[in-house]
Amino acid sequence: MKTTKWTKSRNWVTLLAFVLLAASCATVTTVNITDLYVPSSTKHLDRHIDSVLKREGLEPSKQTSDTEFLRRIHLDMTGKIPDPEEVRDFINDGSKNKRSKKIDELIGSKESVEYWTLLWVNWLIGRRDDGDDRRIGLTGWVRDAQDTNMPYDQFVGELVAADGEIKDNAAGNYVLRYERSPVFLTSHTSRLFLGLPMQCAECHDHKTEAWLQEDFYGIAAFFTGIESKEMDEFKTMDMYGNETMIENFLIKNTPKQDRTIYVDSMKASVPPRFLDKTEYTGELIRKREALAEWMTAPTNPYFSKAIVNRIWKHFMGRGFVEPLDGFGTENRPTNSALLDWLAEDFVMHGFDLQHLMRTILNSKTYQRSSETNKSNKDDEIYYSHAYMKPLSAEQFFYSMLQATAFERLQKRKDPGQVDSMKREHLKRFLFLLDNGEMEEIEAFNGTVPQALMMINGSLVNDSADYKERGAFVHYVLDNWRDMKDRVEYMYLTVLSRKPTTKEQTYFQRYLERSLYRDKYLAYEDLYWVLLNSAEFSLNH
C-alpha cells in the first residue's frame, strides 16, 4: 500500500498549533443589525430573548463578523461553506441590509432546496442507501414541496394520509418505508411531527409522562388496514438527476377491516382515538385522513411547537425542548413563552416554513458570536451566545468537496465518474454514523476513522498535491505569485475568512525557515492544517 506523504514526520505540527492559537485570538470587526431591515416577528423574538437575559443577569455576546455570519448561514441553509468569491463579495458589500438580502437570497435558492430536501428525507426515512426505491421516490416529492414552499400542515397531511399509486403520489413512500406497520408509523409519526416520546408506551405505560399504552394503540389503530399492491415499474429521477426505474405500488385503506386493533400485552382491543381521548367513529377508509386533520389542526397543542423546536435547534444548536421528541412534563422548555409565541406566529402565517426561517435568521439572537464573556460563559440554555455545533455528516462532506475543489480535479481525471465518486466518498462518511436504529444521529464528531480520512484520505491528499494539475494547491500556486495572496485565498476557501496579519507573518517565517528544499511543500502543510482545524469542522 502506498504511504501517503501526510504520514511522514513533518513540521506541520508546529504550524497547526499556531493556526489554532491565532484563530482563537483573532480580532474581528462586528456589525450591528439595523432595525430598519428586521421583520417585526424577528423584533418580537429578540425582545423575548433579551428579557430572559436581563432576568438571568446575562450580557449577550457581540454580533458576529460578516465572514462568521456568511459561513454560518451557508452551512445552516445550504449545508456547505461559501465559495471564496462569495466571501470576498460579501466583505466588500457596504450596504447596511446585506445580511437580510443574503438571507432572502439563500432561502428558496436551488442550493437551499437541495439541502433541505436531504434533511427532510433523512428525518422522514433515515439515511437509507441512495439506490433505495423509497428514498428515490420520496426525494422528488420532498424537493417539489421545498421548491414551492408547501405549507407545513399540507406537507405532513399528505404524508400521513397518502394513497393511490406512488408514481402519481410519491408521498406514499413514507408509509411504505415503515412497511405499513401501525406500530412503526405511530412511533415515528408521533416523534417527528408531534415531538412526543410515544414509542415508550408501545410495551407499557410511559414511566414519566402521561402517555398510556391505550394512547399509543389508539393512534396505531388509525394506521391499520393499509393495503399495498405491487403494480409495475416507472421512470423517475434520482437525487443526482439520473433517470432510474423504481417499483410502483398502489396504496389504499381497505373498508373491510376491524375498527379496533387488538393488543396482546393488554389483552384488549383499542379503537382509533386521538390523544385528546376523542374516539374516531367515521368511515374506516378515511381514518388516516382524519388523523392528519387532527394532527395538523391549528388547535393541536403539539404540532406547530414540534416543528418550531426542530427548526430552532437546527439554527441555534439547542432546542427549547431537548430531546426533540421529549415534549412533556419531564423536559420543560427553556423559554416556553417564546416557543408558544413562535408556534402561534407560525400558524398565523399559514404554516410557512420560510417565514419561520426568516424570523430566526434575521434575529440578533441567531447572529450573535460564539465568543463568550464573563457573564455568559456558562450559559447553555438562554441563547446569550451562539452555541458551537459539530458539522453534520453531510455538512462536513460537502464542505470538504468545496474546500478541496473536488469536482474540478475529478473532471480532469475522469469526468464521467464524478457523481459516483462523490457517492462513494459520502458512504465512507455515513457508515460511521449507522447504528442500525431509527435514531436521528446528526453530528459527525471527531472519531479515529475521521482523523484517518483527513490525514490519509485521497480526498485531502489529491487536492493538496501541488504538482497535480487541477489540485487545489496547484491551482493556488499557478494563479497567484505573491505569498500573501496565496495564503489569503487558502483561508478564504477553507475557513471563509481572510488570515490575520499575525497568521500571514507566521506563515512567511515558516516558509523561510522550513528545511524543505522545495518550498512549495510548505503550502501543502498550510492547506492540510486548515482543513484539520477545529475552525473548519465546527459551525461557529
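The backbone nitrogen of E371 lies 2.9 Å from a polar atom of the side chain of S369, a polar contact in the sense of a pair of N or O atoms within 3.5 Å, where within protein one atom must be able to donate a hydrogen and the other to accept it, and where residues adjacent in sequence count only if both atoms are side-chain atoms. The model described here is predicted, so local features are reported only at pLDDT of at least 70 and side-chain atom pairs only at pLDDT 80 or more, while totals for chains, interfaces and linings use all residues. Residues are numbered from 1 along each chain as its sequence is written, and side-chain values use heavy atoms, with hydrogens and water left out.

## The surroundings of S369

S369 belongs to the loop between α15 and β6 (389-390), where helices (H or I, at least four residues) and strands (E, at least two) are DSSP runs numbered from the N terminus. With a relative accessibility of 4%, S369 counts as buried; buried means under 20% relative accessible area, exposed means over 50%, and partly exposed is in between, using a 1.4 Å probe and protein chains only. Leaving aside residues up to four places away in sequence, S369 touches S61, K62, Q63, T64, R72, H385 and A386, a contact being heavy atoms within 4.5 Å.

## The chain as a whole

The protein chain has 25 helices and 7 strands, and of its 540 residues 54% count as buried. Among contacts between residues at least 6 apart in sequence, 69% join residues at least 24 apart. The chain exposes about 24,100 Å², of which carbon and sulfur atoms supply 49%; these accessible areas come from the Shrake-Rupley method with a 1.4 Å probe, and for residues only the protein chains shown count as cover.

## Helix α7 and the sheet beside it

Helix α7 (residues 133-147) has 15 residues and reaches 22 Å from its first C-alpha to its last, close to the 21 Å expected at 1.5 Å a residue, the expected span being 1.5 Å times one less than the number of residues. At the start of α7, a side-chain oxygen of D132 comes to within 3.1 Å of the backbone nitrogen of R134. Because 12 of the 15 residues of α7 are buried, this helix is largely enclosed by the rest of the structure. Among those buried residues are I136, L138, W141 and V142, as well as the residues R134, R135 and R143. The buried residues of α7 pack against α6 (110-125), α8 (152-160), α9 (173-177), β2 (226-237), β3 (243-253) and α15 (353-361).

Two of these partners, β2 and β3, also take part in an open sheet of 3 strands, which has the order β1-β3-β2 and antiparallel pairing; two strands pair if DSSP finds at least two bridges between them. Since β1 (164-165) and β2 stand at the edges with a single partner strand each, one side of each is left without a neighbour in the sheet. The antiparallel strands β1 and β3 are joined by 2 bridges, and G164 stands opposite I251 in β3. Helix α7 packs on this sheet, touching β2 and β3, and its direction makes about 85° with that of β3; axes here are lines fitted to C-alpha atoms, for helices over the stretch in contact, and angles run from 0 to 180 degrees between N-to-C directions.

## Two further enclosed helices

Helix α16 (residues 393-403) is largely enclosed by the rest of the structure, because 9 of its 11 residues are buried, including F396, F397, M400 and L401. In helix α24 (residues 521-531), 10 of the 11 residues are buried, so this helix is also largely enclosed by the rest of the structure; among its buried residues are Y523, Y527, W528 and L531.

## Backbone details

Several residues have a positive phi, and the table gathers them.

| Residue | Phi | Place |
|---|---|---|
| N149 | about 55° | just after α7 |
| E179 | near 55° | loop between α9 and α10 (182-194) |
| K277 | near 80° | loop between β5 (268-270) and α12 (287-296) |
| A405 | near 50° | following α16 |

E179 is exposed, with a relative accessible area of 59%, whereas K277, at 44% relative accessibility, counts as partly exposed. A separate backbone feature is the peptide bond from E322 to P323, which is cis with omega near -5°; P323 lies in the loop between α13 (303-316) and α14 (336-348).
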